[in-house]
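Subject: Structure handover

Hello,

Here is the structure I said I would pass on. Please look it over alongside the notes below.

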Amino acid sequence: MTKITAAITAVGAYIPEYVLTNKILETMVDTNDEWITTRTGIKERRILKKEGAGTSYLAIKAAKNLLAKKNLDPKEIDLVIVATATPDMPVASTAVYTATKIGATNAFAFDLQAACSSFLYGMSTAASYIQSGRYKKVLLIGADKMSSIVDYTDRSTCIIFGDGAGAILFEPNEEGLGLQDEYLRSDGNGRDFLKIDAGGSILPASEETVKNKQHTVIQDGKTVFKFAVSKMADISAKIMEDNNLTNEDVQWLVPHQANKRIIDATARRMGVDESKVMVNIQRYGNTTSGTLPLCLHDYEKQLKKGDNLIFAAFGGGFTWGAIYLKWAYNSN
Ligand code: UT7
């Protein structure tokens with residue numbers, strides 16, 4: 001019997017219109033374009049300004065973009081996963097609402113949360129459903145409205161994050177293309193270094209938590225940076241080693257876009273030339289669950305059937321991992 005692998009067969013994306021540049025941030029907090037550019041690589045990020053619109057707004061747009069490009073009837077979709085750290089609301093899944101709004105009426109749906117590794121973990125989850133033979137079409141959307149949890153008076157975090165979403169479709173493949181290997185890890189000792197203190201079951205929302213600004217992201221940037229550099233580099237090198245891949249064999253590194261310096265360190269450790277590294281952090285900042293599919297979307301036309309891609313991410317929790325995937329189609 002032929003082994004079923006799980007291949008990506010379509011990509012879609014959506015970024016909101018409003019552009020928050022470094023120059024605009026200079027008028028909001030004590031920062032400057034030079035600092036942000038040299039320390040992070042970010043020049044601008046997108047913000048969803050539309051009143052009453054949450055993460056599902058981004059997810060629906062990205063999914064519809066994919067459906068249109070692929071000319072796919074949403075009724076054929078079996079499962080919709082929304083990877084997100086900023087669901088529309090704490091209870092009532094963003095994925096369920098998204099699935100209904102895109103017309104995926106034969107699908108079941110759920111959210112998946114692993115901070116900046118949400119999409120990477122989602123790839124593993126989506127692929128497993130395909131590999132098991134249970135489902136034929138799994139739509140994975142990575143979407144985050146980070147502006148809803150950012151304190152725009154905190155210069156150490158507000159310069160980093162942006163809003164955006166990307167979507168990919170996983171389908172069975174009998175040519176051996178698609179997900180080849182994965183290496184996923186987590187460490188709960190890291191949770192205090194990147195978190196939102198209130199609004200969960202430990203510290204429910206109250207007048208006090210609002211007054212103390214405990215509903216926005218706080219990050220010990222230096223510590224997270226240190227872990228992100230070493231973990232992303234280590235696992236990317238390991239997944240190459242485990243699969244006997246040399247730097248020549250790798251066509252693309254698809255790294256989480258948290259900081260250009262983390263991306264560069266990962267590429268250096270893998271021995272991969274910068275021309276093979278997907279980078280769009282300068283335009284979108286860190287969109288959390290959106291970074292990996294937004295990279296695929298922006299580079300889709302350059303991808304060729306059979307290309308070896310290494311995905312790598314690190315995020316709050318801590319969570320991190322790498323995935324080795326063979327690209328399954330030529331987009332031209
Ligand atoms: O995606 C989830 C995972 N997250 C990450 O991977 C993020 C990892 N961390 C980082 O990317 C970096 O740590 C940051 C970009 C957040 C910060 O960069 P850094 O080079 O680690 O800066 P720092 O926190 O060590 O701060 C250096 C200096 C400090 O001033 P002093 O104490 O040296 O006088 C900060 O107060 O830079 C100051 N600073 C700023 N200056 C201008 C911090 N933020 C800013 C700012 N503009 N926006």
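The notes below go through a sheet, a covered strand, a helix, one residue and the cysteines. Please keep in mind that this is a predicted model.

**The four-stranded sheet**

One sheet is open and has four strands in the order 8-13-12-11, with mixed pairing. Its edges are strand 8, residues 178-186, and strand 11, residues 252-255, each of which pairs on one side only. From one strand to the next, the twist averages 15°. Strand 8 pairs with strand 13 (residues 319-326) in the antiparallel sense, over eight bridges. Within that pairing, Tyr-183 is found opposite Ala-322 of strand 13. At the other edge, helix 11 (residues 291-299) lies across strand 11 and strand 12 (308-315), and the helix runs at about 140° to strand 11.

**Strand 6 and its partners**

Strand 6 covers residues 138-145, and eight of its eight residues are buried. In a regular strand, side chains alternate between the two faces of the sheet. Here both faces of strand 6 are covered: one side has Val-138, Leu-140, Gly-142 and Asp-144, and the other has Leu-139, Ile-141, Ala-143 and Lys-145. Note that Asp-144 and Lys-145 are among the buried residues.

Strand 6 has pairings of both kinds. With strand 4 (residues 79-83) it runs parallel, joined by five bridges, and Val-82 has Ile-141 of strand 6 as its bridge partner. With strand 7 (residues 163-173) it runs antiparallel, joined by eight bridges. In this second pairing, Val-138 stands opposite Phe-170 of strand 7.

**Helix 4**

Helix 4 spans residues 94-101, and its buried residues are Thr-94, Ala-95, Thr-98 and Ala-99. Viewed down the helix axis, these residues fall within an arc of 130°, so they line one face of helix 4. An α-helix has 3.6 residues a turn, so residues three or four places apart point the same way. The buried residues of helix 4 pack against helix 3 (55-70), strand 4, strand 5 (108-112) and strand 6.

Both ends of the helix have something to note. At the N-terminal end, Ser-93 acts as a cap, with a side-chain oxygen 3.1 Å from the backbone nitrogen of Ala-95. Just after the helix, Gly-103 has a positive phi of about 85°.

**Val-80**

Val-80 is in strand 4. Its relative accessibility is 0%, so Val-80 counts as buried. Apart from neighbours within four places in sequence, its contacts include Ala-95 and Ala-99, Phe-108 and Phe-110, and Leu-139 and Ile-141. Val-80 and Phe-108 are 28 residues apart along the chain, yet their C-alpha atoms are separated by 6.4 Å.

**Cysteines**

How many disulfides does the model have? The count is zero, taking a disulfide as a pair of cysteine sulfur atoms within 2.5 Å. For Cys-158, the closest cysteine sulfur is that of Cys-116, and at 16 Å this is too far for a bond. Cys-158 is buried, with a relative accessible area of 0%. Cys-295 is in no disulfide either, as the nearest cysteine sulfur, again that of Cys-116, is 13 Å away. Cys-295 is also buried, at a relative accessible area of 0%.

Regards

Methods:
Residues numbered from 1 in each chain as written. Predicted model: local features only at pLDDT ≥ 70, side-chain atom pairs only at ≥ 80, totals over all residues. Heavy atoms only, no water. Pairing = 2+ DSSP bridges. Helix = DSSP H or I, 4+ residues; strand = E, 2+ residues; numbered from the N terminus. Axes fitted to C-alpha atoms, helices over the stretch in contact; angles between N-to-C directions. Contact = heavy atoms within 4.5 Å. Buried < 20%, exposed > 50% of the residue type's maximum accessible area, 1.4 Å probe, protein only. Arc of directions from axis to C-beta. Polar contact = N/O pair within 3.5 Å; in protein donor to acceptor, adjacent residues only side chain to side chain.
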